[in-house]
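Please look over the structure shown below before reading on. The briefing that follows takes up helix packing, a sheet and the aromatic rings in turn.

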Amino acid sequence: EHGFHNEICEDVAASAMNFILQHGIKPVMLRGMVLCGNFNHEKLYRMAQTFRDCCEKHDMMFAGMEIGAQPVNFDADMYHVSCTVTGVADRSRYLDRTKIQEGDVLIGFRTDGIEGSNYPFVKGMLDRKPELLHARVDAGHTLLELLMQPGRAYTKEVEALQEKGWLHALYRMGNRLVSEKIWSGIPAGLSACIDLSMVPILPLYRFLYEQDMIGEMAFPHQFPMGIGMIAVVPKEREEAVLELVGRTVECWRIGQIVRDREQEARAWAKGRLKW
């Protein structure tokens with residue numbers, strides 16, 4: 001609707017890559033798929049070009065983009081965009097999460113935009129205040145521009161950490177920062193404790209908070225807060241990981257793996273966000 005075809009395709013590709021990266025699998029090939037109501041050759045070419053550019057950026061093979069015109073199911077200028085990413089991994093480097101130990105540190109990697117499943121909340125907000133869509137959030141961006149920034153794929157960061165042998169586990173964040181569902185596979189008796197006071201407040205989330213649409217404490221349970229991936233690393237490697245990953249993407253220590261004596265939950269939060 002607003003001309004962000006390239007950003008949407010890049011976001012879809014990044015999400016697919018991160019799904020397999022969290023298991024230590026290296027993405028090697030991407031195939032795009034677009035269903036639409038008409039053949040707008042210019043827009044479809046731009047989408048395919050974006051998928052190809054993503055592949056070049058992340059050293060992957062581009063297997064092409066299939067286009068299916070379905071005017072019965074889609075109106076003109078409606079597009080359903082998806083992709084399939086294939087990867088490989090040496091068995092010794094596969095991350096099955098059994099290495100997670102008490103005392104391990106949680107390092108959050110920054111991402112941009114928001115998760116697609118967060119759009120209904122934002123849409124509800126804009127239905128009530130449509131003028132916010134083009135409101136200035138910071139010196140260089142409107143709300144629309146920040147919402148539509150593509151998420152990041154962490155191929156180079158994960159590969160660098162695996163080469164060093166510093167990864168115990170990786171967790172791709174979904175539409176919320178604090179969620180038990182995300183933390184599957186964590187060894188029995190352990191849980192991830194996220195310290196909200198250590199989570200940075202990015203301009204997009206500060207703006208959404210200032211609209212007073214949901215309560216303060218609900219934010220980490222409704223949004224990922226700009227964290228796209230969490231690496232679980234040994235405590236003694238914390239500074240080294242922050243330095244290595246920080247060369248290419250912002251990252252922060254946001255919690256720790258603890259012995260779960262009282263919470264009886266895979267993940268929980270302490271502290272408060274520093275608005």
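Is the crossing of helix 5 and helix 8 left-handed or right-handed? In this predicted model, the crossing of these two helices is right-handed. The points below set out that contact, then an open sheet with the helix that packs on it, and finally the pairs of aromatic rings.

**Helix 5 and helix 8**

- The axes of helix 5 (residues 155-164) and helix 8 (residues 238-245) come within 10 Å, and they cross at roughly 145°.
- On the helix 5 side the contact involves Glu-157, Ala-160, Leu-161 and Lys-164, which meet Val-241, Leu-244 and Val-245 of helix 8.
- Sorted by character, the residues of this contact comprise five nonpolar, two charged and no polar.

**The three-stranded sheet and helix 1**

- Three strands form an open sheet in the order 2-1-3, and their pairing is mixed.
- Strand 2 (61-69) and strand 3 (79-88) each have a single partner strand and stand at the edges, so one side of each is left without a neighbour in the sheet.
- From one strand to the next, the twist averages 15°.
- Strand 1 (residues 26-36) and strand 3 run antiparallel and are joined by 10 bridges, and within strand 3 it is Gly-87 that stands opposite Pro-27.
- Helix 1 (residues 5-21) packs on the sheet, where it touches strand 1 and strand 3, and its direction makes about 35° with that of strand 3.
- His-5 lies in helix 1 and is buried, with a relative accessible area of 13%; leaving aside residues up to four places away in sequence, His-5 touches Lys-43, Arg-46, Met-47 and Tyr-79.

**Aromatic pairs**

- The count of aromatic pairs comes to eight.
- The ring centres of Tyr-171 and Trp-183 are 4.1 Å apart and the ring planes stand at 35°, so this pair is tilted.
- That pair links distant parts of the chain, 12 residues apart, with Tyr-171 in strand 5 (residues 169-172) and Trp-183 in the loop between strand 5 and strand 6 (190-195).
- Tyr-171 is buried at a relative accessible area of 0%, and Trp-183 is likewise buried at 0%.
- Tyr-209 and Phe-219 form an edge-to-face pair, with 5.9 Å from centre to centre and 75° between the planes.
- Because Tyr-209 lies in helix 6 (residues 203-210) and Phe-219 in helix 7 (residues 219-222), the pair ties together parts that are 10 residues apart in sequence.
- Tyr-209 counts as partly exposed at 26% relative accessibility, whereas Phe-219, at 0%, counts as buried.
- Ring pairs also link Tyr-209 and Phe-219 with Phe-121, Tyr-205, Phe-223 and Trp-275 into a cluster.

Technical notes. Residues are numbered from 1 along each chain as its sequence is written. This is a predicted model: local features need pLDDT of at least 70, side-chain atom pairs count only at pLDDT 80 or more; totals for chains, interfaces and linings use all residues. Side-chain values use heavy atoms; hydrogens and water are left out. Two strands pair if DSSP finds at least two bridges between them. Helices (H or I, at least four residues) and strands (E, at least two) are DSSP runs, numbered from the N terminus. Axes are lines fitted to C-alpha atoms, for helices over the stretch in contact, and angles run from 0 to 180 degrees between N-to-C directions. Contact means heavy atoms within 4.5 Å. Buried means under 20% relative accessible area, exposed over 50%, partly exposed in between (1.4 Å probe, protein chains only). A crossing is left-handed if the near helix is turned anticlockwise from the far one by less than a right angle, and right-handed if clockwise. Ala, Val, Leu, Ile, Met, Phe, Trp, Tyr, Cys and Pro count as nonpolar, Asp, Glu, Lys and Arg as charged, and the others, Gly among them, as polar. Rings of Phe, Tyr and Trp (its six-membered ring) pair if their centres lie within 6.5 Å; planes under 30 degrees apart count as stacked, over 60 as edge-to-face and the rest as tilted.
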